[in-house]
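Biologist: Could you take me through this structure, beginning with how it is built and then turning to where its chains meet?

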Amino acid sequence: MVGVFFTYFALISIAAGVLTVTLRHPVHCALSLLALLMHVSGLFILLNAEFLWAVQVIVYVGAILVLYLFVLMLMNLKTDERYFHQSALYVLGPAVLGASYVLYNLLRSPFDGAKGDTPAAAVLQDGDTYAVGIKMFSDHLLQFEIVGIFLLGAVIGAIVLAKTPKQLDTERGRS
Amino acid sequence: MIPLSAYTAVSAVLFIIGLTGVLVRRNFIIVLLSVEIMMNAANINLVAFSHYLESMAGQLVALFIIAIAAGEAAVGLAIIIVVFRGKISTNVDEMNLLKW
C-alpha cells in the first residue's frame with residue numbers, strides 16, 4: 001500500500017516538474033508547480049514528517065506560490081520567449097548520459113550511516129510536531145534565530161527594492 | 001518498505017528537472033520556479049535521510065530551507081518588479097546591466 005502511494009506521489013511530482021519546466025504560459029507553469037508541491041508534501045507524509053507536510057502546504061503552496069501567481073498576474077506577462085538556447089542542444093546528450101549514470105548509481109547504492117537518537121517509534125509516540133519542536137528549541141536554537149534575522153532582512157530588502165523611488169524625489173522637490 | 005535509494009532517485013530526478021529549467025528557460029519567473037523545484041528536491045532528500053537514519057536534524061534543515069525559499073521568493077520577485085518597471089521584459093538574456 002505504501003508502495004502504491006509512493007509510486008503515485010513520485011510519478012506525479014516528476015510529471016508536474018516536467019510540465020513546470022516545459023509549459024509556455026507562466027501561469028500554467030505556476031499551477032503545475034502547485035501540483036508538484038502538493039505531491040512532494042505527500043512524500044513527506046510517507047516519511048512520518050507531518051509537521052513538514054503542514055508547513056509545505058501552508059508556507060509553500062499558501063504563501064510562496066500565491067506570491068508568484070500574484071506577481072505573474074500583476075505584470076500580465078506575454079510569453080514570446082525563445083524556448084531553447086541554441087547551445088542547449090549540444091549539452092543535452094552528455095547531460096542525459098551523466099544524469100542516467102548518477103541515477104543508476106543512486107539506485108544501486110545501499111545508503112547507511114550512524115543512526116540518530118529519534119527512531120520512528122519515538123516520533124510516532126508524541127507526534128512529529130513535538131519531536132521537531134523539542135529538537136529545534138534545544139539543539140538548533142541559534143539556527144532558528146539566524147533564520148529569523150534572515151527573514152527580517154529579506155522582508156526589508158523586498159520592500160526597499162520594490163518601492164518606487166521616483167515619486168519620492170518629486171514629492172521632495174515640491175516641498 | 002520503500003528503500004531509501006528510491007527517495008534519493010526521485011529527488012535526483014526533480015533536481016535535474018529544476019536545473020534544466022534554470023539553464024533552458026529565459027523567463028525570469030520560471031527560472032525562479034525551477035529553483036523552487038530544486039529546493040524541493042533537496043527537501044525530499046533531507047527528510048528521507050532524516051527518516052531512515054532516525055535523526056531529527058534533516059527535518060529541521062528542511063524547515064530552514066523552506067524559510068529561506070520564502071525569503072528568496074520575496075527578494076527575487078521584488079527584483080523582477082524593479083526590472084520589469086524599467087524594461088518591460090523579464091527575459092534573463094536582456095538583464096545585462098551589471099555585465100562588464
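**Helices, contact and core**

Modeller: Along its sequence chain A follows the pattern α-α-α-α-α-α-α-α, where helices are DSSP runs of H or I with at least four residues, strands are runs of E with at least two, and both are numbered from the N terminus. This is a predicted model, in which local features need pLDDT of at least 70 and side-chain atom pairs count only at pLDDT 80 or more, while totals for chains, interfaces and linings use all residues. Residues are numbered from 1 along each chain as its sequence is written, with chains lettered from A and ligands numbered from 1 in the order in which they are written.

Biologist: Which helix gives the most to the side of chain A that touches chain B?

Modeller: Counting two residues as in contact if their C-beta atoms, placed from the backbone, lie within 7 Å, the contact takes 70 residues from chain A and 57 residues from chain B. Several helices of chain A each supply at least two residues of that side, among them α1 (2–22), α3 (50–75) and α7 (141–162). With 12 residues, the one that gives the most is α3(A).

Biologist: Which helix supplies the largest share of the largest nonpolar core?

Modeller: Such a core is a set of buried Ala, Val, Leu, Ile, Met, Phe, Trp, Tyr and Cys residues joined through C-beta atoms within 7 Å, buried meaning that 20 or more other C-beta atoms lie within 10 Å of a residue's own. Among its 63 residues, those touching the most other members include A:L52, A:Y68 and B:I44. The largest share, 15 residues, comes from α2(B).

Technical notes: A residue is buried if 20 or more other C-beta atoms lie within 10 Å of its own, exposed if 12 or fewer, and partly exposed in between; C-beta atoms are placed from the backbone.
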